[in-house]
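Hi,

Here is the structure I said I would pass on. Have a look at it first, and my notes on what turned up follow below.

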Amino acid sequence: MSRAFERSAAYLQRHLDGGWTDAEANAEVLSDELAARDWPARATAIDWFLWKLATQMLDARRTEAVVDRDLGFVRACPTIDAYVETARHTLAAALIRLDDHPAPLADPYHAVVFALSPLAVHRMVFDAWLADAALDRFAEAWRDLPGHSFLAMAAHPDDTLVAMLARDAFWRTMLGRATGL
């Protein structure tokens, strides 16, 4: 087992308590699926995972609360918090498995993925990229990723740049095509 795999498992065990083994299996499958892809294709595969996890963990009431930005309900709902934690930490574990030392961001899809990671190293790379980014391209990438947008809305019950871009992109996506959630 490589050092990145060991770090990934230890990371999940620290952050997800009893659910870490399921998250580790998901991170392993996800990282294997992502390894040979470019960032737009990686983001699409991650998006599918985020959608499926949301449909497994959240019922209609909780999903609607996130979509409708019922912020009081979202902040107080442990099931939504559990979804956010599981999704973000599984994503982080998959990214750890792919690259133990993240490089500068390649494109807006790479930025969307790092925007959702709870790891400080990913946040620092994202923040540095965002300082010089073309926000129109960043906003456009969100529109292709409704699962990322949903997670961002659930994870950010406030009006951050990421939450607002995610909300706008989610609604444009929902009005333009069926997504299955």
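In these notes, contact means heavy atoms within 4.5 Å. With that in hand, V74 is in contact with A65, V66, I80, A154 and P157, once its neighbours within four places in sequence are set aside. Please keep in mind throughout that this is a predicted model.

First, the overall picture. The protein chain has 11 helices and zero strands, so if you write out the elements from the N terminus on, you get α-α-α-α-α-α-α-α-α-α-α. The radius of gyration is 15 Å, close to the 16 Å that the globule rule gives for 181 residues, so the chain is as compact as a globular protein of that length. Along its principal axes, the C-alpha trace spans about 45 × 40 × 25 Å.

Some chain-wide numbers go with that. Buried residues account for 50% of the 181 residues. Take the contacts between residues at least 6 apart in sequence, and 67% of them join residues at least 24 apart. The accessible surface comes to about 8,700 Å², and carbon and sulfur atoms hold 53% of it. As for charge, there are 18 positive and 26 negative charges, and their mean positions are 2 Å apart.

Now the inside. The largest nonpolar core has 61 residues, and the ones that touch the most other members are Y83, F126, W142 and F150. Helix α6 (residues 78-98) supplies the largest share of this core, with 10 residues. What does Y83 touch, leaving aside its neighbours within four places in sequence? The list is L50, L53, A54, M57, L58, G147, F150, L151 and A154.

Four names on that list, G147, F150, L151 and A154, are also among the buried residues of α10. That helix deserves a look of its own: 10 of the 10 residues of α10 (residues 146-155) are buried, so it is largely enclosed by the rest of the structure. The buried set includes H148 and S149 as well as P146 and M153.

G147 turns up once more, this time with K52. K52 lies in helix α3 (residues 39-57) and is partly exposed, at 36% relative accessibility. The C-alpha atoms of K52 and G147 are separated by 8.6 Å, with their places 95 residues apart along the chain.

Back to V74, which sits in helix α5. Is V74 buried or exposed? V74 counts as buried, at 6% relative accessibility. The C-alpha atoms of V74 and P40 are 34 residues apart along the chain and separated by 29 Å.

R69 is the residue I would open next. It is placed in the loop between α4 (60-67) and α5 (71-76), and at 17% relative accessibility R69 counts as buried. R69 is not a glycine, although it has a positive phi of about 60 degrees. Without its neighbours within four places in sequence, R69 is in contact with M153, H156, P157, D158, A163 and R167. P157 is thus a contact of R69 and also a contact of V74. In the other direction, the C-alpha atoms of R69 and D32 are 37 residues apart along the chain and separated by 34 Å.

Another charged residue to check is E24, found in helix α2 (residues 20-34). E24 has a relative accessible area of 17% and is buried, because the cut-off is under 20%. Not counting residues up to four places away in sequence, E24 touches A9, L12 and R97.

Last comes H15, in helix α1 (residues 3-16). At 38% relative accessibility, H15 counts as partly exposed. The C-alpha atoms of H15 and H89 are 74 residues apart along the chain and separated by 7.3 Å.

That is what I have for now. Shout if anything looks odd on your screen.

Cheers

Terms used: Residues numbered from 1 in each chain as written. Predicted model: local features only at pLDDT ≥ 70, side-chain atom pairs only at ≥ 80, totals over all residues. Heavy atoms only, no water. Helix = DSSP H or I, 4+ residues; strand = E, 2+ residues; numbered from the N terminus. Rg over C-alpha atoms; globule rule 2.2 N^0.38 Å. Buried < 20%, exposed > 50% of the residue type's maximum accessible area, 1.4 Å probe, protein only. Areas by Shrake-Rupley, 256 points an atom, 1.4 Å probe, with all protein chains shown as cover. Lys, Arg positive; Asp, Glu negative; His and termini not counted. Charge placed at Lys NZ, Arg CZ, Asp CG, Glu CD. Core = buried A, V, L, I, M, F, W, Y, C linked by side-chain atoms within 4.5 Å.
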